[in-house]
Amino acid sequence: QTALKTDAKPAVKTLPDAQTVTAVRHWTGDLFSFRVTRPQSLRFRSGEFVMIGLLKDDGKPLLRAYSIASPSWDDELEFYSIKVQDGPLTSRLQHIQPGDQIILRPKPVGTLVLDALLPGKRLWLFATGTGIAPFASLIRDPETYERYDEIILTHTCREVAALDYGRELVEETLNHEFIGEEARAKLRYFPTTTREESPQMGRITDLLRSGEVFEKLGIPPINAETDRGMVCGSLAFNMEIKEILEGYGLREGANSEPAEYVVEKAFVG
Ligand code: A2P
């Protein structure tokens with residue numbers, strides 16, 4: 001259907017920022033991930049996002065911010081997306097197939113980067129839904145393990161199936177030939193569900209307030225001296241986590257002024 005398909009007429013001009021889809025995986029009825037070719041010159045820091053999209057019928061690009069989920073050492077780029085049935089972009093993007101082309105503006109930016117945090121011992125990565133995407137990159141970055149003694153990835157979703165992408169990601173990371181050893185020593189995974197029975201139920205915000213997450217992980221509570229945080233979820237989620245982290249004395253950082261935690265909204269197409 002799309003004018004960007006590679007099997008379209010050879011006369012069709014390739015867009016300057018076109019990249020080719022190499023793989024697509026549908027995780028649930030409303031979640032999918034896909035891989036595309038990587039522009040040779042593209043360098044990015046783990047946790048950053050780029051603008052990607054498709055051409056509209058009027059020939060103009062329709063672009064949205066997507067966190068790069070793949071590590072910076074990967075030859076390809078991976079993205080993880082929700083499917084919004086009446087969403088201008090994702091209603092179409094969910095139908096992409098290997099060989100199709102998408103537009104990718106090769107200008108990565110974002111605040112969920114290691115450089116926006118002051119040195120610390122323990123790094124918390126708090127995600128809901130597709131907010132896990134930037135952390136998929138960060139937990140596969142050797143630098144994350146160089147900078148921290150412990151990395152705790154929390155992921156809260158409504159249903160069990162929505163955790164699958166993260167669960168598989170963590171398993172692959174722990175078994176990876178280059179970073180597996182570091183990850184096995186330092187990475188902790190804390191998945192929770194809110195609307196379907198699972199071993200760990202509840203919003204991470206409530207589990208932090210009650211202290212249950214510290215008990216379950218067998219660690220002391222968050223401490224501004226040692227703990228750093230990265231937050232990526234819905235607006236309401238981000239606000240609540242911010243309040244909790246500020247309550248522990250952590251301050252929000254930025255690229256220009258590193259501090260104890262950073263936040264970015266999970267993008268919805
Ligand atoms: P809940 O089911 O209690 O709303 P969504 O699918 O709406 O983006 O939510 C993804 C996950 O994030 C759900 O498990 C949801 O829990 C949880 N969530 C939504 N808002 C908040 C919030 N303000 N604080 C903590 N968790 C939240």
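**Two sheets, one core and a ligand shell**

Good morning. I begin with the ligand shell, to which strand 8 and helix 8 (235-247) each contribute at least two residues. Helices (H or I, at least four residues) and strands (E, at least two) are DSSP runs, numbered from the N terminus. The model is predicted, so to speak of local features we require pLDDT of at least 70, side-chain atom pairs count only at pLDDT 80 or more, and totals for chains, interfaces and linings use all residues. Residue numbers start from 1 along each chain as its sequence is written.

Helix 8 gives the most to this shell, with three residues. In total, 13 residues surround the ligand, and the closest are Thr128, Thr194, Arg203, Thr205 and Ala236. Here a residue is near a molecule or strand if its C-beta atom, placed from the backbone, lies within 6 Å of it.

Let me turn to the domains. Which domains does the assignment give? The chain is divided into domain 1 (18-109) and domain 2 (114-265), with bounds that come from an automatic or database domain assignment. Their C-alpha centres lie 23 Å apart. The contact between them takes 16 residues from domain 1 and 14 residues from domain 2, where two residues are in contact if their C-beta atoms, placed from the backbone, lie within 7 Å. On the side of domain 1 that touches domain 2, strand 1 (18-28), strand 2 and strand 5 each supply at least two residues. Strand 5 has the largest share of that side, four residues.

Next, the antiparallel sheet. It is open and has six strands in the order 4-3-6-1-2-5; two strands pair if DSSP finds at least two bridges between them. Strand 4 (61-67) and strand 5 (76-82) stand at the edges with a single partner strand each, so one side of each has no neighbour in the sheet. On average, neighbouring strands of this sheet are turned by 35 degrees against each other, direction ignored. Such axes are lines fitted to C-alpha atoms, for helices over the stretch in contact, and angles run from 0 to 180 degrees between N-to-C directions. Strand 2 (residues 31-37) pairs with strand 5 in the antiparallel sense over seven bridges, and Leu31 has Ile82 of strand 5 as its bridge partner.

The second sheet is parallel. Its five strands form an open sheet in the order 9-8-7-10-11. Which strands stand at the edges? They are strand 9 and strand 11 (261-265), each with a single partner strand, so one side of each is left without a neighbour in the sheet. Neighbouring strands here are turned by 10 degrees against each other on average, direction ignored. Helix 4 (residues 164-174) packs on the sheet and touches strand 8 and strand 9, its direction making about 165 degrees with that of strand 9. Helix 8, already met at the ligand, lies across strand 7, strand 10 (227-233) and strand 11, and runs at about 165 degrees to strand 10.

Within this sheet, strand 7 (residues 122-128) pairs with strand 8 in the parallel sense over seven bridges. Leu125 has Leu153 of strand 8 as its bridge partner, and Thr128, one of the residues closest to the ligand, has Thr156. Towards strand 10, strand 7 runs parallel and is joined by six bridges, with Arg122 partnered by Asp227. Strand 8 is in turn joined by seven bridges to strand 9 (residues 187-193), again parallel, and His155 stands opposite Pro191 of strand 9.

Are these strands buried or exposed? Six of the seven residues of strand 7 are buried, so strand 7 is largely enclosed by the rest of the structure. Strand 8 (residues 150-157) is mostly covered, with seven of its eight residues buried. A residue counts as buried if 20 or more other C-beta atoms lie within 10 Å of its own, exposed if 12 or fewer, and partly exposed in between, with C-beta atoms placed from the backbone.

I close with the largest nonpolar core, which has 65 residues; Phe79, Leu125, Phe135, Ala136, Ile139, Ile151 and Leu153 have the most contacts inside it. Strand 7 gives the most to this core, with five residues, and the core draws at least three residues from each of domain 1 and domain 2. Such a core is a set of buried Ala, Val, Leu, Ile, Met, Phe, Trp, Tyr and Cys residues joined through C-beta atoms within 7 Å. Leaving aside residues up to four places away in sequence, Phe79 touches Ser33, Phe34, Ile52, Tyr66, Ala69 and Ala133.
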